[in-house]
Amino acid sequence: MGLDAVPAGRRTTKLAVVGAGSVGSTMAYAALMRGAARTVALYDINAAKVEAEALDIGHGIQFMPMADVVGSDDIAVCAGADVVVVTAGAKQKPGQTRIDLAEATISLVRSILPRLVEVAPDAVYVMVTNPVDIVTYAALKISGLPANQLFGSGTVLDSSRLRYLLAQHTGVAVQNIHAYIAGEHGDSEIPLWSSATIGSVPLMQWPGVMGPDGRVEGRLGSADRKRIAEEVVNSAYRIIAGKGATNYAVALAGSRIIEAVLNDERRVLPVSSLLDGYLGISDVCLSVPSIVGRHGVGARLEVAMSDEELSGLRSSAEALRSVARQFGL
């Protein structure tokens, strides 16, 4: 079925993914596999690449929830999108920090975002390009969009990494672990241990569980927490060193955000958004647990934090503000 063959009057959902690189194309694939949107449009300046990616995915539509996928180097392909996910940006090289990427990526956002807003003025914009917090802040300034309508993927992926590692250590299903990473999506990010729970048991009181041999397994001491937090930060660098890019988990994390918006789920996700008086933090984009729904990012939840966590969050905010100032934002 072509894009113009949708029955008149039927409300459909449209996702536009900007950038057909490893993250963008995997994001489109993941969103289609999960049935997140009825139409997925891929946009990239490389016509041959974007058309090939759309064709390759399209050949598998039979095995997915019914949808249309189209790829083009014409920005009009994004017209009328409900959600626009921006993945285009400079590629992170082994050993390169996310902040090193900022200048080239902000320049790209400056050239493309006004044209995107022109064709999809009512879309919710999700920035995925690194360094996501700085790019999100720049995108808000460049686009003039309200702070609810444009936000970054933030630490949704980092929080997923944290939960995965905690599940591996404790032997409890990852779905029963509730823990967030806050702050920068990067080296200064903060695990919020104080508010974390495992099966409703406060993580800081986790006693371990009895194993089949009668011994207690999966205790979680301060050394374990420190090791896990460091692994969350360093895992992206390890993946980039080994395969050149991270794409699967970030695409799944992005798809989850897309679904929260399109289905108006009002789901709590640690996305990166412009803070205004959050625990004394303002005028910076960073991640805190926030309610995400059809109108974008809503209330930012003031979760319980230890003095050390709050201090770390404020330090993360100041580090990001300093970088933003370097770019005249």
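A residue is termed buried under 20% relative accessible area, exposed over 50% and partly exposed in between, with a 1.4 Å probe and protein chains only. Helices (H or I, at least four residues) and strands (E, at least two) are DSSP runs numbered from the N terminus. The model is predicted, so local features need pLDDT of at least 70 and side-chain atom pairs count only at pLDDT 80 or more, while totals for chains, interfaces and linings use all residues. Residues are numbered from 1 along each chain as its sequence is written, and side-chain values use heavy atoms, leaving out hydrogens and water.

**Exercise 1. Determine which residues cover the two faces of strand β5, and which strands join β5.**

Solution.
Step 1. Strand β5 comprises residues 124–127. Val124 and Val126 lie on one side, Tyr125 and Met127 on the other, and all are buried.
Step 2. Two strands pair if DSSP finds at least two bridges between them. Strand β4 (residues 83–86) runs parallel to β5 and is joined to it by four bridges; valine 83 stands opposite valine 124.
Step 3. Strand β6 (residues 150–152) is also parallel to β5, with three bridges. Methionine 127 has glycine 152 of β6 as its bridge partner.
Step 4. Between β5 and β6 the chain passes through helix α4 (residues 132–143), and this β-α-β crossover is right-handed: with the strands pointing away from the viewer, the path from the first strand over the helix to the second runs clockwise.

**Exercise 2. Establish what span helix α4 should have and how many of its residues are buried.**

Solution.
Step 1. The expected span is 1.5 Å times one less than the number of residues. For the twelve residues of α4 this gives 16 Å, which agrees with the 16 Å between its end C-alpha atoms.
Step 2. Eleven of the twelve residues are buried, so α4 is largely enclosed by the rest of the structure. Among them are Val132, Tyr137, Leu140 and Ser143.
Step 3. Isoleucine 134 lies in α4 and counts as buried because its relative accessibility is 2%.
Step 4. The elements covering the buried residues, by contact (heavy atoms within 4.5 Å), include α3 (102–119), β5, β6, β15 (272–278), β16 (281–287) and α8 (307–326).
Step 5. Just after α4, glycine 144 takes a positive phi of about 75°.

**Exercise 3. Carry out the analysis for helix α5 (residues 156–170).**

Solution.
Step 1. Helix α5 has 15 residues and reaches 21 Å from its first C-alpha to its last, close to the 21 Å expected.
Step 2. Eleven of the 15 residues are buried, so α5 is largely enclosed by the rest of the structure. These include Val156, Arg161, Leu166 and Thr170.
Step 3. Glycine 171 follows α5 and has a positive phi, near 75°.

**Exercise 4. State how many disulfides the structure contains, and whether cysteine 78 and cysteine 285 are buried or exposed.**

Solution.
Step 1. With a disulfide taken as a pair of cysteine sulfur atoms within 2.5 Å, a search of the whole structure finds zero.
Step 2. Cysteine 78 counts as buried at 0% relative accessibility, and cysteine 285 counts as buried at 1%.

**Exercise 5. Assess the confidence of the model.**

Solution.
Step 1. pLDDT is the predictor's confidence in each residue, from 0 to 100. The protein chain averages 91, and 94% of the residues score at least 70.
Step 2. Over residues 1–10 pLDDT stays under 50, and the model has ten contacts beyond four places in sequence for them.
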